[in-house]
Structures are given as C-alpha cells and as structure tokens.
Amino acid sequence: MSERLTVSESSELAFERGVRLHFDETRSAWTLMAPEKVVVLDEIAHEVVSESLAGGVSVAQAIDALAQKFQAPRDEISGDVIEMLQGFADKRLVRAR
Amino acid sequence: MSELSAPFAILAELTHRCPLRCVYCSNPLELVRRSNELDTGTWRRVLDEAAELGILQVHFSGGEPTVRKDLEELVAHATGRGLYTNLITSGILSDGEQLIRLADAGLAHVQISIQDSDDETGDWIAGYAGAQQKKRDLAVTVADANLALTINAVMHRHNIDRIESVIDMALEMGAQRVEIANVQYYGWGIPNRPNLMPTLDQLESMNAIVLRRQEELKGVLVIDYVVPDYYARRPKACMNGWARRFLNITPSGYVLPCHAAETIPDLVFDNVRDKGLADIWANSTALNRFRGTDWMPEPCSSCEYRERDWGGCRCQALALTGSAENTDPVCELSPFHDQVRALAESESQTREVALTYRSFSKTPETT
C-alpha cells in the first residue's frame, strides 16, 4: 500500500497513471482528464500544473518560474502552489516522480 | 429552459453479452442479442460525432466490452479523436497482454467490478465460479500496463458488513480509486430487491466506516461513495439531470439519458443508425421530455433544490409510484416517501428468497 504524498518544495511530481492534461476545444478550457473526472483548470491552475509537471523540475523550481512569470514575491505564492498541488495529490491526480 | 450545453461523457454499451450473471445487473431485463449489436463502422462514426459534439470521456461498457473483437480498434479510434477512454470490465475474459495492447491503443483507465471481499459469496452473486480470483489476477497486471485502476464494489445486504475488507481488497488490488456503490434498484436489481436490501442499521454502520476510511486513506485511495437512496430524505441528482451531461448508447444504438430509461413506456428513443448524435442530443423527444425544470410538477417546480437534484430519478419515480412524471419518492416532500421507506424496511427483513440471475432467456434462471 502506498502512503500519502506530502508535497514540499523538494518534491518532484508527475501525473498519476490515467491523468492527462487536455485542452477542451468545445469549452475553450484546459482540463485534467482523470478517471471519471474532468478537472477544469483556470489560468493560474493551468500555469501551476504546466510548470510543476513539466518533467525534470522540482516544486521549488516551478515556484521560481511562476514567481518570475507573474512578477510575484516568491514567498507569497509558494504556499498557494504547494496547497494546490497537495490537493491534486490527495485526489490521486499527481504522484512523486 | 437555459441554452443546451454539450454533454461531457458517453457510456458506450458495446454489448450485453457477459460471462457473469450478477443479480443486480443494471442492464435491462430484455437484453440485446449479438445479431443486433452495432457494427464497428457505426461505432467509429458515433465516436467521431461524440468528439465533435464536445464529449470528453467515453466509457466502454456492456455487458462485458472485451467480448467485442473490435475493442482495441474502437479505443484507438476514440483516442485519435482526443477522447479520454475508460474500460468498465468484469475482468473475467482479459489478461495482462490484452491490457497492454489496450494501453498502447490509448486506453487511460480500467474499472474492474468486484462482488465481495469473500470469494464464495462474490461468486454466488455473480453466478460464476472462480470469478473473484480472475479479477484479482487481472488487477495486478493493470499497473504494468500503466493504466489507472478503479475497483467498483457493489454493496447489498449480503456483503455490506464486510465493507472494511472490501476497501482493503481494493488497496491490495492496487487501485487508486474505489467506487463503493450500494445496489441501485434498476434492471435485474428490481426482482432481486427483497434479497439485496440492507437494513438501516447495516447502512449506518457502513456510512461510519466509509467516512472514517475516506479520512484515513486521503491521498492513498480515493473512495467515491454512492449512498442507497431508499433510506434517504433527499433524492440523488440522477445523472446530474436528465440529458444534461451524459448519454448512454445501447448495444443496438438507442440513445438514452441513462441505462434504465427504456423502462419508461411512452418514450420514443432515437437511434444512431438513423440520425447523427448532435441531432439526437438537441432534438430527441425522449431527451427533451424531462430535460431542465419545465416538466416538473409540484413540489419540485417551486423547490429551491430543483436545479441541484433535478427532481431525482425518473425511472425510480416510475418503478415506485407508477408514473415517471412524479417527484422521486425518495424525497421527503413526495407523498409516496413514507411508502418507500416502509418498503425498504420490510424488504430488508425478508427471509432468503431465490435469486434471479441475469440471463438472455425469457424465463430468468433462479437458484
């Protein structure tokens, strides 16, 4: 039995089996397609997912990239990013790489 | 009525053939025979039309969808059109090699049903000796194929006290997710209802265990829980509203809002052999019959919950009150509510009666 993943800055994440990032043309929205679930991503969530799950990066590196992209203070966004990713982990949408 | 939006998912019932004979099967009592199943070309066209209509997910189901020789072709075709594909299977006929071929075709997710954590009772409910072991064997191959795994466990009076070990079994089988669904009384579930209905005490014990384990297993196993509504005070939002988010296509091509809708006698369903899916979605008289809120009688039409529960379930209203147009009698505002509660309590105390197994023959088999 696996254990709950606790997301931190040092985590390296990947999509869980069966989870795919998909652009829904009909509704013009980015989504996570998952078992019996469609998670509609708003613009921020899409950026967080894109940076954090790009492959080969840690959550810390993703936060760096997001801080730069949005010209936001790093320590103001890091908690929100980790909280969002923890929510995805708890729904088994992402896993440790 | 608000503007019609696109559906999100279709249940593609490729066949009604199945090696199992589960006594609560949601398929209709009159099953579609192989000779009347849609052919590969028609399904390919339907999948094209589904993608164009804005559908995102396709659930290949049945019956047992792996009896279709064209399953891999259909999965590949759907994936090629950007659809997310899910296989809902008994797990009896497949092996790891087939799962790898399906994964290569683009399959994302597999759902394997289990009937119990106790193999003997599980096989009895499924009417198939050795079924449970085959399911366990298949589950261990799902991760190798890099597919997501959900275990579907259907609960009733004979297995409800084992809910804890059913959840453990899903964990042992390597699932990321388990659906704990109390039997929904449609199809073959109706004749077997007196044998399956749990007692209120059993339900309350299960509810407590499921809530505790949802918390304990957070981040480990997603537990989706479908409550048994005969004992409820509010109806379920059946299908999130009639023909609002979801379509069901039967093996012979009829387009339904849910798998049980053919029980409603005066509805005329359109068929994908005759019309395009977008046309059917917008114009089918059956799909428009209970869409939205305009059809609602009181107490639904003025109810603050009308766009949350959508009046509950039409098929259940028919089965329990004699009219599909009534408020779902599970709702405490329905004049039939007390009768339904009394029926559940009475049937939960029924002594053992013969099970009616799912079957193609006109005269159902019993034990």
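So, to kick things off: in what order do the three strands of the open sheet in chain A line up? The order is 2-3-4, and the pairing is antiparallel. Before I go on, keep in mind that this is a predicted model. The predictor gives the complex an ipTM of 0.94 and a pTM of 0.95. For chain B, the mean pLDDT is 94, with 98% of its residues at 70 or more.

Okay, back to chain A. Strand 2 and strand 4, which covers 37–41, are at the edges of that sheet. Each of them has a single partner strand, so one side of each has no neighbour in the sheet. The strands aren't lined up perfectly either: on average, neighbours in this sheet are turned by 35 degrees against each other, direction ignored. If you look at strand 2 and strand 3 (residues 29–34) of chain A, you'll find five bridges joining them, and the two run antiparallel. Want one pair to click on? Try A:Arg20, which sits opposite A:Met33 in strand 3 of chain A.

Now, how do the two chains meet? On the chain A side, 19 residues are in contact with 20 residues of chain B. Strand 2 (20–24) of chain A turns up again here: that strand and helix 3 (74–90) of chain A each supply at least two residues of the side that touches chain B. And what is that side of chain A made of, in terms of nonpolar, polar and charged residues? We get six nonpolar, three polar and 10 charged.

On to chain B. Here nine strands form an open sheet, and the order is 7-6-5-4-3-2-1-8-9. This time the pairing is mixed. The edges are strand 7 (222–226) and strand 9 (255–256) of chain B; each has a single partner strand, so one side of each is left without a neighbour in the sheet.

Let's walk through part of this sheet, starting at strand 1 of chain B, residues 9–13. Five of its five residues are buried, so the rest of the structure largely encloses it. In a regular strand, side chains alternate between the two faces of the sheet. You can follow that here: B:Ala9, B:Leu11 and B:Glu13 point one way from strand 1 of chain B, B:Ile10 and B:Ala12 point the other way, and all are buried.

Strand 1 of chain B has a partner on either side in that order. With strand 8 (residues 246–249) of chain B it shares four bridges, running parallel, and B:Ala12 has B:Ile249 as its bridge partner there. With strand 2 of chain B it shares five bridges, again running parallel, and there B:Ile10 is paired with B:Val58. To get from strand 1 to strand 2 of chain B, look for helix 1 (residues 40–53): the three together make a right-handed β-α-β unit.

Next step along. Strand 2 (residues 57–61) and strand 3 (residues 84–89) of chain B are joined by four bridges and run parallel. Two pairs to find on screen: B:Phe60 opposite B:Leu87, and B:His59 with its bridge partner B:Asn86. These two strands and helix 2 of chain B also make a right-handed β-α-β unit. Helix 2, residues 71–80, lies across both strands, at about 175 degrees to strand 2 of chain B.

What about strand 3 of chain B, is it covered or open? It's mostly covered, with six of its six residues buried. That goes for both faces: B:Tyr84, B:Asn86 and B:Ile88 on one side, B:Thr85, B:Leu87 and B:Thr89 on the other. From there, four bridges lead on to strand 4 (residues 109–114) of chain B, running parallel, with B:Thr89 opposite B:Ile112. Add helix 3 (residues 96–104) of chain B between strand 3 and strand 4, and you have a right-handed β-α-β unit.

Last stop: two helices of chain B. The axes of helix 6 (residues 163–172) and helix 8 (residues 200–216) come within 9 Å and cross at roughly 35 degrees. Helix 6 of chain B brings B:Ile163, B:Glu164 and B:Ile167, while helix 8 of chain B brings B:Met206, B:Ile209, B:Val210 and B:Arg213. By type, that contact has five nonpolar residues, no polar ones and two charged.

That's my tour, thanks!

How values were computed: Residues are numbered from 1 along each chain as its sequence is written. Chains are lettered from A and ligands numbered from 1 in the order in which they are written. This is a predicted model: local features need pLDDT of at least 70, side-chain atom pairs count only at pLDDT 80 or more; totals for chains, interfaces and linings use all residues. Two residues are in contact if their C-beta atoms, placed from the backbone, lie within 7 Å. Ala, Val, Leu, Ile, Met, Phe, Trp, Tyr, Cys and Pro count as nonpolar, Asp, Glu, Lys and Arg as charged, and the others, Gly among them, as polar. Axes are lines fitted to C-alpha atoms, for helices over the stretch in contact, and angles run from 0 to 180 degrees between N-to-C directions. pLDDT is the predictor's confidence in each residue, from 0 to 100. Two strands pair if DSSP finds at least two bridges between them. A residue is buried if 20 or more other C-beta atoms lie within 10 Å of its own, exposed if 12 or fewer, and partly exposed in between; C-beta atoms are placed from the backbone. A crossover is right-handed if, with the strands pointing away from the viewer, the path from the first strand over the helix to the second runs clockwise.
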